[in-house]
Amino acid sequence: VTTTDSERSALAVDIGGTKFAAGVVDPRGRVLAAERVRTPPDGDAEELFAALVSAVQGALSAAGLTFGDAALAPAIGVGTAAPMDLTAGTVSPVNIFGWRGFPLRDRLSDRFGVPVGLIGDAVAVAVAEHWLGAARGHANVLGMVVSTGVGGGLVLGGRVMPGATGNAGHIGHASVDPNGPGCVCGGIGCLEAIASGTSLAAWARGQGLADAVDAAAVARSAREGDPIALAAFRRAADALGLAIAGAVTTLDLELVVIGGGVAQAGAVLFDPLAQAYARYAALGFARAPRVVPARLAASAGLIGAAAVVHRPDAYWPGWEWDASGPAR
Ligand SMILES: [Zn+2]
């Protein structure tokens with residue numbers, strides 16, 4: 001049996017504030033094996049890297065593959081919580097305190113002996129949903145992750161728009177309230193400071209919902225009709241609607257796709273979000289786009305990261321892989 005380039009699988013990594021995931025993804029975007037580990041909450045740079053390496057090894061082992069096998073492409077695609085520096089290959093995720101300017105691309109490349117392509121985690125969601133999910137057939141899409149933090153990434157004209165440093169679309173740290181709460185990034189009233197799962201649950205606890213341990217718990221209470229939980233989702237949805245209406249109006253988008261844990265809340269988030277969006281998107285061209293949940297759900301980040309290996313020409317024309325990864 002021979003394996004051609006077009007049949008090889010890719011090793012993909014999804015780095016978030018709550019979990020590190022690694023997966024083996026085939027050329028059709030199917031996740032053949034995956035390993036998820038909890039992000040060490042107070043881990044230093046090396047503890048975090050060790051956890052990531054264990055996730056990668058777990059995924060390879062579950063798939064029965066190693067780098068060097070003909071069935072595995074000799075490269076790693078990484079979607080990381082932002083911000084990042086595409087040129088330097090470093091990451092400084094807002095919610096992963098142990099990594100500030102961490103040389104993730106070179107460290108992974110050295111550890112596994114293959115080049116590494118780095119993108120934002122919400123860029124990965126945008127690409128995955130454009131490739132195989134809710135945004136198929138839409139050339140102009142904002143993908144978002146609403147989870148521990150809030151991230152965003154753009155597919156414009158069918159291609160990834162990286163921006164100057166790889167952070168284009170990072171809507172989570174756009175301010176939606178000049179009088180709002182301080183944000184972990186140093187800003188004021190950032191979308192993330194209001195609408196992330198962490199912020200949403202903290203607000204609900206502050207209002208007296210004692211069992212609001214996380215956004216999923218608030219969502220359960222909201223579905224049972226708890227007024228504080230419903231208000232927490234309305235508040236987050238209003239901030240999201242405001243920010244998204246600004247992005248759609250600025251960029252003339254066709255669709256907004258939201259992944260991440262908070263998006264799995266379903267109607268308690270998306271119903272008030274549709275109302276807020278309609279309130280803030282006034283111009284005709286900005287009224288039509290819809291805001292929908294990611295169809296690929298928890299796998300969108302891995303599938304989008306795998307696209308760095310499987311579909312570079314489609315989404316990143318002009319990137320050329322060298323020894324350390326794609327360079328612009
Ligand atoms: Zn911020």
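The following legends describe close-up views of a predicted model.

**Figure 1. The zinc ion is held by one histidine and three cysteines, H173, C183, C185 and C190.**
The protein donor atoms are ND1 of H173 and the SG atoms of C183, C185 and C190, at 2.0 to 2.3 Å from the zinc ion. Because the four donor atoms subtend angles of 105 to 123° around the zinc ion, the arrangement is tetrahedral. Along the sequence, the donor residues follow the spacing H-x9-C-x1-C-x4-C. Within this set, H173 and C183 are 10 residues apart, and each of the two is placed in the loop between strand 10 (159-160) and helix 4 (191-195). C183 counts as buried because its relative accessibility is 11%, below the 20% limit for that class.

**Figure 2. T165 and L86 approach each other across a separation of 79 residues in sequence.**
T165 is located in the loop between strand 10 and helix 4. The C-alpha atoms of T165 and L86 are 5.3 Å apart in space. With a relative accessible area of 35%, T165 is partly exposed.

**Figure 3. Helix 5 packs against helix 7 in a right-handed crossing.**
Two packed helices are described by the angle between their axes and the distance between the axes. For helix 5 (residues 197-206) and helix 7 (residues 227-251), the angle is about 140° and the axes are 9 Å apart. The two helices are therefore oblique to each other, since an angle must be over 145 degrees to count as roughly antiparallel. On the helix 5 side, the residues that meet helix 7 are L200, W203 and A204. Their partners in helix 7 are I228, A231, A232, F233, R235 and A236.

**Figure 4. The buried residues of helix 5 pack against helix 4, helix 6 (215-223) and helix 7.**
G197, S199, L200, A201 and A204 are the buried residues of helix 5. L200 and A204 also belong to the group that meets helix 7. Just beyond the end of helix 5, G208 adopts a positive phi of about 110°.

**Figure 5. Helix 6 and helix 7 cross in a left-handed manner.**
These helices pack at an angle of about 120°, and their axes are separated by 7 Å. Helix 6 and helix 7 are therefore oblique to each other, as the range for roughly perpendicular ends at 115 degrees. Helix 6 contributes A215, V218, A219, S221 and A222 to the contact, while helix 7 contributes A229, L230, A232 and F233. A232 and F233 are also among the helix 7 residues that helix 5 meets.

**Figure 6. S221 is a buried residue of helix 6.**
The relative accessible area of S221 is 8%, so this residue is classed as buried. Apart from neighbours within four places in sequence, S221 is in contact with L209, D211, D226 and A229. A229 is one of the helix 7 residues in the contact between helix 6 and helix 7, to which S221 contributes from helix 6.

**Figure 7. A307 is a fully inaccessible residue of helix 10 (residues 300-310), with a relative accessible area of 0%.**
A307 is therefore counted as buried. When residues up to four places away in sequence are not counted, A307 touches V127, W131, P312 and W316. The C-alpha atoms of A307 and G29 are separated by 8.0 Å, although their positions lie 278 residues apart in the chain numbering.

**Figure 8. A cis peptide bond joins A82 to P83.**
The omega angle of this bond is near 0°. P83 is found in the loop between strand 4 (72-80) and strand 5 (84-85).

**Figure 9. D252 and A297 have positive phi values, although D252 is not a glycine and A297 is not a glycine.**
The phi of D252 is about 55°. D252 is situated in the loop between helix 7 and strand 11 (255-259). Its relative accessibility of 45% makes D252 partly exposed. For A297, phi is about 45°. A297 occupies a position in the loop between strand 12 (290-293) and helix 10. With a relative accessible area of 37%, A297 is likewise partly exposed.

Key
Residues are numbered from 1 along each chain as its sequence is written. This is a predicted model: local features need pLDDT of at least 70, side-chain atom pairs count only at pLDDT 80 or more; totals for chains, interfaces and linings use all residues. Side-chain values use heavy atoms; hydrogens and water are left out. Donors are N, O and S atoms within 2.8 Å of the metal (3.2 Å for Na, K and Ca); water is not among the atoms, so sites may look incomplete. Four donors count as tetrahedral if all angles lie between 85 and 135 degrees; four count as square planar and six as octahedral if opposite donors are over 155 degrees apart and all others between 65 and 115; anything else is irregular. Helices (H or I, at least four residues) and strands (E, at least two) are DSSP runs, numbered from the N terminus. Buried means under 20% relative accessible area, exposed over 50%, partly exposed in between (1.4 Å probe, protein chains only). Axes are lines fitted to C-alpha atoms, for helices over the stretch in contact, and angles run from 0 to 180 degrees between N-to-C directions. Angles under 35 degrees count as roughly parallel, over 145 as roughly antiparallel, 65 to 115 as roughly perpendicular and the rest as oblique. A crossing is left-handed if the near helix is turned anticlockwise from the far one by less than a right angle, and right-handed if clockwise. Contact means heavy atoms within 4.5 Å.
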